[in-house]
Each structure stands twice: as C-alpha cells, then as structure tokens.
Amino acid sequence: DDRRLTAPDILARKGGVPIAMLTSYHAHTARLADQHCDSILVGDSLGMVMHGLETTVPVTLDMMILQGLAVMRGSKRALVVVDMPFGSYEASKEQAFHAAARILKETGCGAIKLEGGVRMAETIRFLVERGIPVMGHVGLTPQSINTLGSFRAQGRDPADWAPIEADARAVAEAGAFSVVLEAIAEPLAAKITKDVPIPTIGIGASATCDGQVLVLEDMLGLSPRVPKFVKRYADLGPSIERAVAAYAEEVRSRTFPGPENVYPVKKAP
Ligand code: KIV
Ligand code: NA
C-alpha cells in the first residue's frame, strides 16, 4: 500500500508506534525524509534555515506555498503538513480559512499547522469543520517571540502547568488531529500526552510524546546554533566545508575538471 498517509492515519496512531516527523523545505531532502518518516513538516523555520532570518515572524504565505509545493513533488508517502506563517491566520477564523485553503489548493498538502491553544480553538474548529486538517502547536510558540521576549522552555515550574494543559486540551477538543508540544518539561509532556486523545508530537518535550519532530538541518549539523533538545545525528557542516575547500583548490590548480568530466569530440578534428 503506497498511498500517501492522511491526517486520520496519524490520528489513529495515538498511543501506538511513535510517529516520526522531520522538517523539509525542498524536493531532495523531502525524498529522503519520505523514505523513513510518517510525516514531513514544511515549517516556518525555513525563515531561519533558508533565508537567514532571526525569527519566523517575517515569513510569508507565498514562501510557505512555494516550499510546500517543492516538498509535495519530492515526496509520495508521508503526510505533508505546511505551517501557517505569522500574520496569515490570527486576525479571524475567516482569514485563517482563506490562507489555509490557499495552502491546500496550491500545494496539495494534507494538513496545516498553526500556533496557539485556547486562543486559536475557535479557528481550529472552523477550519476542521470545513475540511482542513489542523495540527496544533503549544508550549513554546516561536511566532510570539516579540511578546515573549525570549525563547524559554515551558512548564519547568508546575505552577505554570495549568494554562499549557488547557491549551493542549483546547486544541484537541477543537478537532485538531495532532499537536506539537515544543520545549515542555518532561512530566508535563507526559501528563498532556496521557490526557489528550490526539497524538502529541514532541520537540524538546521528551520521549513520552506520541511522536517526535526535529528541524532536519539542526539534526544534520548544518545549523550554527541549536537548542539543547536537538540531537545531532550527523555533522554535515564540516564535511560540506571540506568538499567546498577541495573544489576551490582543484579549480585553482586546474585539477578539476579532469578528463572524466569533459566531453571528448567524437572524431579527431
Ligand atoms: O517550523 C518548524 O520547524 C516547527 C517545528 C520546529 C515544530 O514548527
Ligand atoms: Na513552525
């Protein structure tokens, strides 16, 4: 069975084999992620990773759609989830529907993700009732950096747990098919995972979650600074730099291109 996974397929994985998710923004990495992961997130982290921005705040809907299309072309089995960027959905549920419908129609992806719990519940319900599968995102919500002031782990003091739990519950009750828990202390992530009926996808939220997501470039060792919760599965930065240095050196010494890299004439002139 090689059909593409759907939001209901992911929902059905609650409490089962953990869901493996990675970000991708382009066709070639999508093809690799697609071979092993259940879901691919076209995250607005592309603002930092692809464009060198400081935060996700400047990312636009057009940027998300362009990269969502690339990831759809590069994948065939994973559920592709595209982030709604800051400013495209917070003003009203109608604004959110308009933007989310554009993402679904123009990329062919299977779901969108948006940040916020209680405050976004009405919008999530509006989208889901109208045919748009929604992945929630609570805990640390990077699009709110300008009101938060800094990126900090959430729920390290049990006195702060109640609003975060309420956010996760609100997202589930509104009909989301899963929810990202970002930078949440382990016992709180475990409690939320036990309490909500939808899969929790952790990033910096412990192995108690129903699945995990990481930014691909972070786990490959390509990002200059990464949070504590990132495990580096490869260290591609230095090997890419070695390749670039070798290339530049061979260009300067005319070692590259060699005979195997040039087109010979068919008949001697
Ligand atoms: O944009 C992103 O990559 C994300 C994940 C880190 C969850 O939202
Ligand atoms: Na994001």
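Which elements cover the buried residues of α5? The elements in contact with them include α4 (61-74), β3 (79-83), β4 (111-113) and α6 (121-129), where contact means heavy atoms within 4.5 Å. The model is predicted, with local features needing pLDDT of at least 70 and side-chain atom pairs pLDDT 80 or more, while totals for chains, interfaces and linings use all residues. Residues are numbered from 1 along each chain as its sequence is written, chains are lettered from A and ligands numbered from 1 in the order in which they are written, and side-chain values use heavy atoms, without hydrogens and water.

**Helix α5**

Helices (H or I, at least four residues) and strands (E, at least two) are DSSP runs, numbered from the N terminus. Helix α5 comprises 15 residues, 93-107, and its end C-alpha atoms lie 21 Å apart, in agreement with the 21 Å that should result at 1.5 Å a residue. The expected span of a helix is 1.5 Å times one less than its number of residues. The buried residues of α5 are A96, A99, A100, A101, I103, L104 and T107; buried means under 20% relative accessible area, exposed over 50%, and partly exposed in between (1.4 Å probe, protein chains only). Just after the helix, G108 adopts a positive phi of about 80 degrees.

Two side chains of α5 take part in pairs that reach other helices. R102 in α5 forms a salt bridge with D62, at 2.9 Å from N to O. This pair joins distant parts of the chain, since D62 belongs to helix α4 and the two residues are 40 residues apart. R102 is partly exposed, with a relative accessible area of 27%. D62, R102 and E106 are linked in a network of salt bridges.

The second pair is aromatic. Rings of Phe, Tyr and Trp (its six-membered ring) pair if their centres lie within 6.5 Å; planes under 30 degrees apart count as stacked, over 60 as edge-to-face and the rest as tilted. The structure has 2 aromatic pairs by this rule. F97 and F126 have ring centres 6.4 Å apart and planes at 85 degrees, so the pair is edge-to-face. F97 in α5 and F126 in α6 are 29 residues apart. F97 is partly exposed at 26% relative accessible area, whereas F126 is buried at 14%. R130 lies over the face of F126, 3.6 Å from the ring centre; a charge sits over a ring if NZ of Lys or CZ of Arg is within 6 Å of the ring centre and within 35 degrees of the ring normal.

**Salt bridges**

A salt bridge is a side-chain nitrogen of Lys or Arg within 4 Å of a carboxyl oxygen of Asp or Glu. The structure holds 12 of them, including the following.

| Pair | N to O distance |
|---|---|
| R102 and D62 | 2.9 Å |
| K113 and D83 | 2.8 Å |
| E165 and K191 | 2.5 Å |

The side chains of K113 and D83 meet at 2.8 Å. K113 lies in strand β4 and D83 in strand β3, so this bridge ties together parts 30 residues apart in sequence. K113 counts as buried at 2% relative accessibility, and D83 counts as buried at 3%.

**The sodium site and strand β2**

D83 also serves as a protein donor of the sodium ion (ligand 2), together with D44; their OD atoms lie 2.3 Å from the ion. Donors are N, O and S atoms within 2.8 Å of the metal (3.2 Å for Na, K and Ca), and sites may look incomplete because water is not among the atoms. D44 is in the loop between β2 and α3 (46-49), 39 residues from D83 in strand β3. D44 is buried, with a relative accessible area of 5%.

L41 lies in strand β2 (residues 39-42) and is buried at 6% relative accessible area. Not counting residues up to four places away in sequence, L41 touches M21, L22, T23, S24, V81, D83, K113 and V213.

**Helix α8**

Helix α8 has 13 residues and reaches 18 Å from its first C-alpha to its last, close to the 18 Å expected. W161, I164, E165, A168, A170, V171 and A172 are buried in α8, and the buried residues pack against α6, β5 (134-139), β6 (178-182) and α9. E165 forms a salt bridge with K191, the closest N and O atoms being 2.5 Å apart. E165 lies in α8 (residues 161-173) and K191 in α9 (residues 186-195), so the pair ties together parts 26 residues apart in sequence. E165 is buried at 10% relative accessible area, whereas K191 is partly exposed at 32%. G175, which follows α8, has a positive phi near 110 degrees.
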